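Reader: Please take a close look at one asparagine and its surroundings, and then place it in the chain as a whole. I would like the cut-offs stated along with the values.

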Amino acid sequence: MSSTSVSPEPRSQIDDPSSLVARFGPDEPLMMDAGVPLTSWQIAYQTYGTLNADKSNAVLICHALTGDQHVANVSPVTGKPGWWTTMIGPGKPVDTDRFFVICANVIGGCMGTTGPASIDPATGQPYALDFPVVTIRDMVRAQAALIDRLGIQRLFCVVGGSMGGMQVLQWAASYPERVFAALPIATAARHSAQNIAFHEVGRQAIMADPDWRGGRYLAEGTRPSKGLAVARMGAHITYLSEMALHRKFGRNYQDRSAPTFSFDADFQIESYLRYQGLSFVERFDANSYLYVTRAMDYFDLAAEHGGSLARVFKGSATRFCVISFTSDWLFPTSDSRAIVHALNAAAASVGFVEVESDKGHDAFLLDEPEMFAAARGFIDAAARARGIS
């Protein structure tokens, strides 16, 4: 098997991204949960809309596992629209005519925020596995440093789905005084054993690729494309529901009327998954995939509170709206209900909406009018309470 060369465009986005960048020097280290400081680090971000005079209209968008800061603009790597243009933009639920919207690439990512593909100033080579293991709290801590840099004391709202929803919950737990409203969607307060298992299969697929080179593939000019593609294929199945798969593909053949009696992609679903895997490789770093999935695995918001999620939110003045989807088996409605019950027990302000959908976990990224209506209603009510016109 020949080695896969490294495409220059994703590499350039790691070092010098097509977005805003906040850089922090050696005197501004990011303290990581792994017990080590990250020095000379940076965080890449995009903004939309205008910050008002009293800086009360800032909305932070937290991205999911394979997302990035390009939430509402064309991606410089794929050339495609931002990943949440259904939710964010002029006249959308997160209205950029009213709000100043910020979206940052997470620490450990690969689109301009410091991660395993970034250059280690101590060696002049990519960090690779020398990069400290990342947690959701580390991601939020880095975002808080960015918000400080922007001179914003309190965020009007923090919004995110899936891993982004975990960050929303961590923001409300770590900085309750800095979050007026929180909108966690299709998420959980801790990662389940089943989800950890899915992630481990993906990580093992990457590490089994000979081109992974013990994580040093960038320094050696290769890329574990096949392993990363398989990891993406496996993960993508979990984002969909059986109903969605049946509706979109069923058992239909791909460009043929009969089986070939081979291991070619006879079925449309096979062809679709292969496409998803190959296209993903062009925009994402394999080691970042290891790190970010691990961050989700470690997430357990109640762990430091004796297992009591209610204690996490005790005394919180943040307004919450929790949204789930009926066909989401990756982060089922029961996970959202556990969050709602804890918030109720903590006497926090919380609303809950379960959206009827057959689209699975990815429904939060798709055209779901009921989700849009719930998000718009919650945000508008919070804006009125906050005095934002």
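Author: The account below starts with one residue, N57, and then moves to other loop positions and the whole chain.

This is a predicted model, in which local features need pLDDT of at least 70, side-chain atom pairs count only at pLDDT 80 or more, and totals for chains, interfaces and linings use all residues. Residues are numbered from 1 along each chain as its sequence is written, and side-chain values use heavy atoms, with hydrogens and water left out.

N57 sits in the loop between β4 (41–48) and β5 (58–62). Helices (H or I, at least four residues) and strands (E, at least two) are DSSP runs, numbered from the N terminus. The relative accessibility of N57 is 2%, so the residue counts as buried. Buried means under 20% relative accessible area, exposed over 50%, and partly exposed in between, with a 1.4 Å probe and protein chains only.

The side chain of N57 has two backbone partners to describe. It reaches the backbone oxygen of T50 at 3.0 Å. A polar atom of the N57 side chain also lies 3.0 Å from the backbone nitrogen of N52. Not counting residues up to four places away in sequence, N57 touches T50, L51, N52, R98, F99, F100, F156 and I388. Contact here means heavy atoms within 4.5 Å. T50 and N52 thus appear both in this list and as the backbone partners of the side chain.

A second asparagine, N73, is in the loop between β5 and β6. N73 has 19% relative accessibility and therefore counts as buried. Its side chain makes a polar contact with the side chain of H70, at 3.0 Å. A polar contact is a pair of N or O atoms within 3.5 Å; within protein, one must be able to donate a hydrogen and the other to accept it, and residues adjacent in sequence count only if both atoms are side-chain atoms. Leaving aside neighbours within four places in sequence, N73 is in contact with Q46, Y48, K80, P81 and G82.

K92 belongs to the loop between β6 (88–89) and β7 (94–95). With a relative accessible area of 31%, K92 is partly exposed. Neighbours within four places aside, its contacts are T85, T86, M87 and R376. K92 and R376 are 284 residues apart along the chain, and their C-alpha atoms are separated by 7.9 Å.

Two further loop residues concern the backbone. Most residues other than glycine have a negative phi. A186, in the loop between β10 (179–185) and α4 (193–208), has a positive phi near 50°. F261, in the loop between α6 (242–248) and α7 (268–281), has a positive phi of about 55°. A186 is buried at 0% relative accessibility, whereas F261 is exposed at 78%.

As for the whole, the protein chain has 11 helices and 12 strands. Its radius of gyration is 21 Å, close to the 21 Å that the globule rule gives for 389 residues, so the chain is as compact as a globular protein of that length. That radius is taken over C-alpha atoms, and the rule is 2.2 Å times the number of residues to the power 0.38. Along its principal axes the C-alpha trace spans about 65 × 50 × 45 Å. Buried residues make up 53% of the 389 residues. Of the contacts between residues at least 6 apart in sequence, 72% join residues at least 24 apart.
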